Every structure is written in structure tokens, then in C-alpha cells.
Amino acid sequence: MVALALTASVPLGQEKQEKVPRVRGRCQVCHRDEALEWSKSAHAKAWTSETFAQTTSNRQQKECLHCHAPDRILETGFGKEPTLRAEMVELGVDCVACHQDANEAQHGRLGTKTDAHAVVKNDKFGSVEMCGTCHAKFGTVEELKQTKWASDPDACVTCHMPKVTRKIAITSEKELPAHVHTFLGADPEMFKKGVKVETSVSGDNLVVKLTSVEVGHNFPTGIDHVVAVVDVRVVSGGQEVLTHQTLLADDRARGGSDTRLKPSETRKITVPLQGKKGEAVVRILHKYTREVPDEKAKVLFETKVPIP
């Protein structure tokens with residue numbers, strides 16, 4: 001069925017509401033909040049993103065495709081390789097991919113009944129097992145199993161789908177506990193909650209201390225072309241006088257080592273100042289591919305440190 005792109009009606013005097021995105025089926029008609037959140041997420045852009053095209057030879061690497069436009073994972077089963085769907089792949093990981101079964105019933109934790117469609121209460125919905133259908137492929141779930149969250153089946157959604165109380169659908173009579181559908185990952189607010197960054201000057205060195213306090217996997221996690229950079233630049237008199245970078249990456253396939261920050265790890269990075277004075281700008285950069293220039297990387301953290 002062709003999905004409808006609807007715009008909600010707006011009472012006189014109020015600002016125009018956001019356009020409800022197109023999804024497979026008609027989920028967006030009733031579940032507008034979820035559809036709008038999803039439309040801004042990496043799940044929605046899983047197939048169309050420039051990074052995905054670049055790293056898969058313009059989507060020619062078949063082993064990567066099925067997790068970026070999966071058919072209904074409830075058919076193949078949680079924790080098992082999904083299949084690549086034949087239609088509307090540009091919508092990436094959408095509502096139907098996660099919520100709908102072979103009989104077109106919609107699964108969720110609440111099991112709230114409605115006349116709009118069949119509903120199945122599924123206690124495994126939103127579990128680590130479910131998320132691991134795609135996110136276990138490059139080690140993220142195995143990393144989680146080594147942490148204090150190993151026995152928590154809700155570990156993924158606790159961080160990446162925060163709880164919210166709201167009406168599940170526009171026809172709902174009361175608000176219920178639900179989850180935000182933005183699926184945030186490499187994001188400044190997420191980083192702030194998960195990694196503590198401390199800086200200090202000791203003699204002729206700047207020390208940057210990273211502590212993974214609330215991250216249930218390596219930082220960064222996932223496929224090895226995703227990296228992070230601890231970037232330090234000393235500025236004096238308006239000029240950049242020193243640059244120092246430390247790469248956090250899994251380089252084992254390249255003959256190197258895995259330097260990613262492990263869960264609960266504290267690591268000190270010592271930057272020799274070489275007698276330079278002024279102000280140090282310390283940033284944590286996240287790159288979906290190693291080739292991304294610093295100026296186009298996502299800045300997860302930034303602070304300034306006086307160098308007397």
C-alpha cells in the first residue's frame with residue numbers, strides 16, 4: 001500500500017506543524033510523534049546516507065544491504081540475519097521492519113488493543129536480542145556482555161530510546177509509558193552522559209583523561225571504519241602553534257591494535273606542550289569513515305584549557 005504524506009491540521013494562530021513523513025503502511029497517520037522522531041534518525045537514513053553508499057561501493061556489497069533495508073525481522077526472528085526487502089528500500093529501517101509480523105499484526109511491549117490493526121504484546125520487543133539482529137554483527141552486543149549491563153535485556157533501549165509518557169496514537173484517550181524513536185548514538189548529549197572528560201596541565205604536558213562511565217560498549221563501536229579522535233590544538237596570539245591527535249579505533253584488520261575506549265576504562269592521554277603557551281582547545285571528534293576531514297567530523301565534546 002502506498003503510504004500517505006500527511007500534514008496535521010493546525011489551529012488558527014499556531015505555527016505550522018512539521019510534515020508527517022512517508023512510511024510503509026499508514027503508521028504515520030496515527031503514530032505521528034514516533035514517525036517524526038524516526039524521520040530524523042539514522043534508522044531512517046540507513047539506506048540513503050552518503051556514508052553507506054561510500055563504504056559499500058554504492059550499495060554493491062551484498063552482505064551489508066539487509067540490515068540497512070530489512071524486511072520484517074519478526075519473520076526471520078530476533079537475533080537472526082534479516083532479509084533485504086524488495087520495495088521502498090530508501091526508507092531504511094522503518095516501522096514495518098521492526099513492528100510488523102507476517103500476519104500484519106503490530107508488536108510492542110504494551111499490547112494496547114485498537115480497532116486499527118491487530119496487536120501482539122511481545123515481551124522481547126526492544127530487547128538486546130532484538131537490537132542485536134543487526135547490531136551484533138560488528139561486536140557491539142559482545143562488548144555489552146562484558147559489562148555490568150550484561151544481564152539487562154533492556155540495556156539498548158534504556159540509553160538509545162529514552163522513556164517518555166505520551167499518547168501512543170492520536171486516537172488514544174490517555175498517556176502511557178513509551179520510548180522516544182530518535183535512536184541517538186554518536187551525539188553530544190549521549191557522549192556527555194556516557195564519557196567523563198577531564199583536563200589538567202602538569203609541567204610541560206597537557207593531560208586529557210577519558211573515563212567511560214555509562215557506555216555499554218566500546219567507544220566508538222561498530223564496524224572498524226568508524227573512528228573517534230581526541231584532537232588537541234594550542235592557540236597563541238590567534239595562531240595555531242601545536243596540534244596533537246590520538247586515534248580511538250579498531251586497527252586489528254590493518255595489522256594494528258584496538259585503541260577504542262572500553263566500558264568502565266579510564267585512560268590518560270599525555271600531550272607534550274613543547275614549551276608552547278596560550279590556550280588548548282580539546283575536542284572529541286566522531287567520524288563514520290576515516291577519510292572524513294576534521295572540519296566535517298561530528299564534534300561530541302569541546303573545552304578550552306589555559307596554558308600559562
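Author: A disulfide here is a pair of cysteine sulfur atoms within 2.5 Å. This is a predicted model, so local features need pLDDT of at least 70 and side-chain atom pairs count only at pLDDT 80 or more, while totals for chains, interfaces and linings use all residues. Residues are numbered from 1 along each chain as its sequence is written, and side-chain values use heavy atoms, with hydrogens and water left out.

Reader: By this rule, what does the disulfide count come to?

Author: A disulfide is a covalent bond between the sulfur atoms of two cysteines. C67 and C134 are joined that way, S to S 2.4 Å. By the rule, the count comes to one.

Reader: Which parts does the disulfide tie together, and how many residues apart are they in sequence?

Author: The link of C67 and C134 is left-handed, with -100° about the S-S bond. C67 sits in the loop between α4 (62-65) and α5, and C134 in helix α7, so the pair ties together parts whose separation in sequence is 67 residues. Helices are DSSP runs of H or I with at least four residues, strands are runs of E with at least two, and both are numbered from the N terminus.

Reader: Is C67 buried or exposed?

Author: Buried means under 20% relative accessible area, exposed means over 50%, and partly exposed is in between (1.4 Å probe, protein chains only). C67 has a relative accessible area of 16%, so the verdict is buried.

Reader: C30 is in no disulfide, so what is the nearest cysteine sulfur, and how many Å away?

Author: C30 is partly exposed, with a relative accessible area of 23%. The nearest cysteine sulfur to that of C30 belongs to C27, at a distance of 9.3 Å.

Reader: Why does C159 have no bond to the closest cysteine sulfur?

Author: C159 counts as partly exposed, at 35% relative accessibility. The closest cysteine sulfur, in C156, is too far for a bond because the distance is 8.8 Å.

Reader: On to the nonpolar cores: which strand supplies the largest share of the largest one?

Author: A nonpolar core is a set of buried Ala, Val, Leu, Ile, Met, Phe, Trp, Tyr and Cys residues joined through side-chain atoms within 4.5 Å. The largest has 24 residues, and L206, V208, L210 and F219 have the most contacts inside it. Strands β5, β6 (205-212), β7 (227-236), β8 (239-248), β9 (266-272), β10 (278-287) and β11 (298-307) each supply at least two residues of this core. The largest share, four residues, comes from β7.

Reader: How many residues are in the second, separate core?

Author: Members of the second core include I73, F78, F125 and M130. Its size is seven residues.

Reader: What do the buried residues of α7 pack against?

Author: In α7 (residues 128-135), the buried residues are V128, M130, G132 and T133. The packing partners are α5 (73-76), α6 (95-99), α8 (140-144) and α9 (155-160).

Reader: Which residues is T199 in contact with, leaving aside neighbours within four places in sequence?

Author: T199 is found in strand β5, residues 195-202, and counts as partly exposed at 30% relative accessibility. Contact means heavy atoms within 4.5 Å. With those sequence neighbours set aside, the contacts of T199 are V207, V208, V282, T303 and V305.

Reader: How many salt bridges does a search of the whole structure find?

Author: A salt bridge is a side-chain nitrogen of Lys or Arg within 4 Å of a carboxyl oxygen of Asp or Glu. One network of them links E143, D250, R252, D258, R260 and K262. Searching the whole structure, the number found is 29.

Reader: R24 and E87 meet in a salt bridge at what N to O distance?

Author: R24 counts as buried at 7% relative accessibility, whereas E87 is partly exposed at 35%. Their side chains meet with N to O at 2.9 Å.

Reader: D94 also forms a salt bridge with R24, so how many residues apart in sequence are the parts it ties together?

Author: Both D94 and R24 are buried. The closest N and O atoms of this bridge are 2.6 Å apart. D94 lies in the loop between α5 and α6 and R24 in the segment before α1, so the sequence separation is 70 residues.

Reader: Where are R233 and D294 in the chain?

Author: R233 and D294 form a salt bridge, with the closest N and O atoms 3.0 Å apart. The pair links distant parts of the chain, 61 residues apart: R233 in strand β7 and D294 in the loop between β10 and β11.
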